[in-house]
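Here is a walk through one model, with the ligand shell, the annotated sites and a pair of packed helices as the stops. Keep the structure open next to the text as you read.

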Amino acid sequence: MGYHLNKTVVLVGLMGAGKTAVGTLVAQKLGVPFLDSDHEIERAANMTVAEIFTRDGEPFFRAKESQVLERLLVGKPCILSTGGGAYLAESNRALIAKHGVALWLRADLELLWSRVRHKTTRPLLRTDNPRETLAGLHAARTPIYQNAQIVVDSEEGLSLEDMAQRVIQT
Ligand code: S3P
């Protein structure tokens with residue numbers, strides 16, 4: 001018997017916050033389904049997020065992201081991890097508040113950077129100075145993520161297991 005979720009728990013936060021890794025573990029521990037919006041977009045398009053950005057551009061990706069969010073949110077309650085930009089559109093936030101509960105995985109810039117710096121999969125960080133780019137996103141998005149109903153801090157040195165426990169305890 002799995003845990004009974006009343007509402008979908010939507011993990012939001014910047015790239016490198018651990019949304020997918022933490023969400024997967026939380027869902028596994030609670031025995032509830034796990035879904036990931038980026039993964040669903042990739043599956044439907046049969047392309048990676050980076051390929052979609054390159055071929056069709058960010059606005060196209062954002063439209064797909066909103067569609068996928070809506071489809072997943074009206075489905076059965078689950079743990080849903082989202083791409084770092086999914087919480088930015090007001091309409092997406094309204095949809096999330098209506099059908100679920102937003103949980104912000106908050107982490108400081110240094111920790112986020114240490115996790116994403118060697119990855120090449122993030123189209124938004126394909127700039128001349130990805131560290132600066134991430135800093136800009138961090139500054140611009142923090143006030144938006146603050147709209148989430150629940151905040152869980154991710155700190156250097158915490159294991160995935162610790163993070164999952166923190167989420168479950170909220
Ligand atoms: C994005 C974050 C990515 C992905 C896309 C855009 C963003 O997801 O959706 O590259 O705008 O922050 P992760 O947060 O899982 O890296």
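Helices here are DSSP runs of H or I with at least four residues, strands are runs of E with at least two, and both are numbered from the N terminus. What you're looking at is a predicted model, where local features need pLDDT of at least 70, side-chain atom pairs count only at pLDDT 80 or more, and totals for chains, interfaces and linings use all residues. Residue numbers start from 1 along each chain as its sequence is written.

**Ile41**

Start with Ile41, which sits in helix H2 (residues 37–45). Burial goes by C-beta atoms, placed from the backbone: a residue is buried if 20 or more others lie within 10 Å of its own, exposed if 12 or fewer, and partly exposed in between. Ile41 counts as buried because it has 21 C-beta neighbours inside 10 Å. Two residues are in contact if their C-beta atoms, placed from the backbone, lie within 7 Å. Setting aside residues up to four places away in sequence, Ile41 touches Val49, Lys64, Glu65 and Val68. Lys64 is 23 residues from Ile41 in sequence, yet their C-alpha atoms are 6.8 Å apart in space.

**Around the ligand**

Which residues surround the ligand? They are Met15, Lys19, Asp38, Val49, Gly83, Gly84, Gly85, Arg122, Pro123 and Leu124, going by a C-beta atom, placed from the backbone, within 6 Å of the molecule. By class, that shell holds four nonpolar, three polar and three charged residues. For the classes, Ala, Val, Leu, Ile, Met, Phe, Trp, Tyr, Cys and Pro count as nonpolar, Asp, Glu, Lys and Arg as charged, and the others, Gly among them, as polar.

**Annotated binding sites**

UniProt (unreviewed entry) places a "binding site" feature at Gly16, Ala17, Gly18, Lys19, Thr20, Ala21 and Arg122. It also lists Asp38, Arg62, Gly84 and Arg141 under "binding site". Bear in mind that these positions use the numbering given here, feature names are shortened, and annotations may be inferred rather than shown by experiment.

Gly18 is in the loop between strand S1 (8–12) and H1, whereas Thr20 is in helix H1. Ala21 lies in helix H1 as well. Arg62 belongs to helix H4 (residues 58–73), and Arg141 to helix H7 (residues 130–145). Here is how burial comes out for these annotated residues:

| Residue | C-beta neighbours within 10 Å | Class |
|---|---|---|
| Gly18 | 25 within 10 Å | buried |
| Thr20 | 17 within 10 Å | partly exposed |
| Ala21 | 15 within 10 Å | partly exposed |
| Arg62 | 16 within 10 Å | partly exposed |
| Arg141 | 17 within 10 Å | partly exposed |

Now for their contacts, again leaving out residues within four places in sequence. Gly18 meets Leu105, Ser154 and Met163, while Thr20 touches Asp36 and Ser81. Arg62 is in contact with Gly85 and Ala89, and Arg141 with Leu14 and Leu88.

**H1 against H8**

Helix H1 (residues 19–30) packs on helix H8 (residues 160–169) at an angle of about 65°, with the axes 9 Å apart. Axes are lines fitted to C-alpha atoms, for helices over the stretch in contact, and angles run from 0 to 180 degrees between N-to-C directions. On the H1 side the contact uses Ala21, Val22, Leu25, Val26, Lys29 and Leu30, and on the H8 side Leu160, Met163, Ala164, Val167 and Ile168. That contact has 10 nonpolar, no polar and one charged residues.
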